[in-house]
Amino acid sequence: MTVLEVEVVNAVPAGVSPAFVRRVLRRAAAVPEIAARLPEGEATVAVRVTDDDEMRRLNKTYAGEDHVTDVLSFEGDSSHVGDIAISWPRVVEQAVVWGHDEKAELSMLLVHGFLHLLGWDHATPAEAEEMWRLTYIPLTGLRRSPRA
């Protein structure tokens, strides 16, 4: 069994505590399919909740994309699974668009970023469906995405 340590930096005021972020990622890490991809023993993840300006800079620097995005994942090595950056303004905006609260939106982005760190992608419809399925398990307990 892997123990997941999560470092959280709120670079901007955000409506969630670091403890909330840790709970979401630890719940995701307990899903068998996800746990199977974690290193044995102890694993670490760093999460940075930031603003649109920093997300644009990170996206341009590391992905070559000159626009704001909601979540970015940066793969780590060894027991450090990687880093996740999330735009708090995108969390707030997308929560309104999708009709749920900010914690639900942040949770989905956290798990989405975490899945990318562990090798999942959504380049094909089948991959996208698998990512949605794995995103919803730790958030709802459902084994199938409600979008399916």
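**Close-up views of a predicted model**

**View 1. The largest nonpolar core of the predicted model.** Within the 36 residues of the largest nonpolar core, the members that touch the most other members are Val21, Leu25, Ile34, Val45, Val47, Leu106 and Phe114. Several elements supply at least two residues each to this core: strand 1 (3-10), helix 1 (18-29), strand 2 (42-50), strand 4 (80-87), helix 4 (88-98), helix 5 (102-117) and helix 6 (125-140). Helix 5 gives the most, with 7 residues. In soluble globular proteins, nonpolar side chains tend to be buried together.

**View 2. The surroundings of Leu106 in the core.** Leu106 is among the core residues that touch the most other members. When its neighbours within four places in sequence are left aside, Leu106 is in contact with Val16, Phe20, Val21, Ile86, Trp88 and Val91. One of these residues, Val21, is likewise listed among the core members that touch the most others.

**View 3. The open sheet of 4 strands.** The strands of this open sheet follow the order 1-2-4-3, and their pairing is mixed. Strand 1 and strand 3 are the edge strands, each pairing on one side only. On average, and with direction ignored, neighbouring strands of the sheet are turned by 15 degrees against each other. Helix 4 packs on the sheet, where it touches strand 2 and strand 4, and its direction makes about 65 degrees with that of strand 4. Helix 5 also packs on the sheet and touches strand 1, strand 2, strand 3 and strand 4. The direction of helix 5 makes about 145 degrees with that of strand 4.

**View 4. The parallel pairings of strand 2.** Strand 1 and strand 2 run parallel and are joined by 8 bridges. In this region, Asn10 stands opposite Val49 of strand 2. Strand 2 and strand 4 also run parallel, with 7 bridges between them. Along this pairing, Thr44 has His80 of strand 4 as its bridge partner, Val45 stands opposite Gly82, and Val47 is partnered by Ile84. Both Val45 and Val47 are among the core residues that touch the most other members.

**View 5. The antiparallel hairpin of strand 3 and strand 4.** Strand 3 (residues 71-77) and strand 4 run antiparallel and are joined by 6 bridges. The bridge partner of Glu75 in strand 4 is Gly82, the residue that also stands opposite Val45. The hairpin has 2 residues between its strands, and Ser78 takes a positive phi near 60 degrees. Strand 4 is mostly covered, with 6 of its 8 residues buried.

**View 6. The packing of helix 4 and helix 5.** Two packed helices are described by the angle between their axes and the distance between the axes. Helix 4 and helix 5 pack at an angle of about 115 degrees, and their axes lie 8 Å apart. Helix 4 is therefore roughly perpendicular to helix 5. Their crossing is right-handed. From helix 4, the contact is made by Trp88, Val91, Val92, Gln94, Ala95 and Trp98. From helix 5, Glu102, Glu105, Leu106 and Leu109 take part.

**View 7. The packing of helix 1 and helix 5.** The axes of helix 1 and helix 5 are 10 Å apart, and the two helices pack at an angle of about 50 degrees. Helix 1 is therefore oblique to helix 5. Helix 1 passes helix 5 in a right-handed crossing. On the side of helix 1, the residues that meet helix 5 are Phe20, Val21, Val24, Leu25, Ala28 and Ala29. Their counterparts in helix 5 are Lys103, Leu106, Ser107, Leu110, Val111 and Phe114.

**View 8. The buried residue Thr135.** Thr135 has its place in helix 6. Its relative accessibility is 3%, and Thr135 therefore counts as buried, a term that applies under 20%. Not counting residues up to four places away in sequence, Thr135 touches Met108, Val111, His112 and Leu115. Thr135 and Gly113 are 22 residues apart along the chain, and their C-alpha atoms are separated by 9.7 Å.

Note on methods:
Residues numbered from 1 in each chain as written. Predicted model: local features only at pLDDT ≥ 70, side-chain atom pairs only at ≥ 80, totals over all residues. Heavy atoms only, no water. Core = buried A, V, L, I, M, F, W, Y, C linked by side-chain atoms within 4.5 Å. Buried < 20%, exposed > 50% of the residue type's maximum accessible area, 1.4 Å probe, protein only. Contact = heavy atoms within 4.5 Å. Pairing = 2+ DSSP bridges. Axes fitted to C-alpha atoms, helices over the stretch in contact; angles between N-to-C directions. Parallel < 35°, antiparallel > 145°, perpendicular 65-115°, else oblique. Left-handed = near helix turned anticlockwise from the far one by under 90°.
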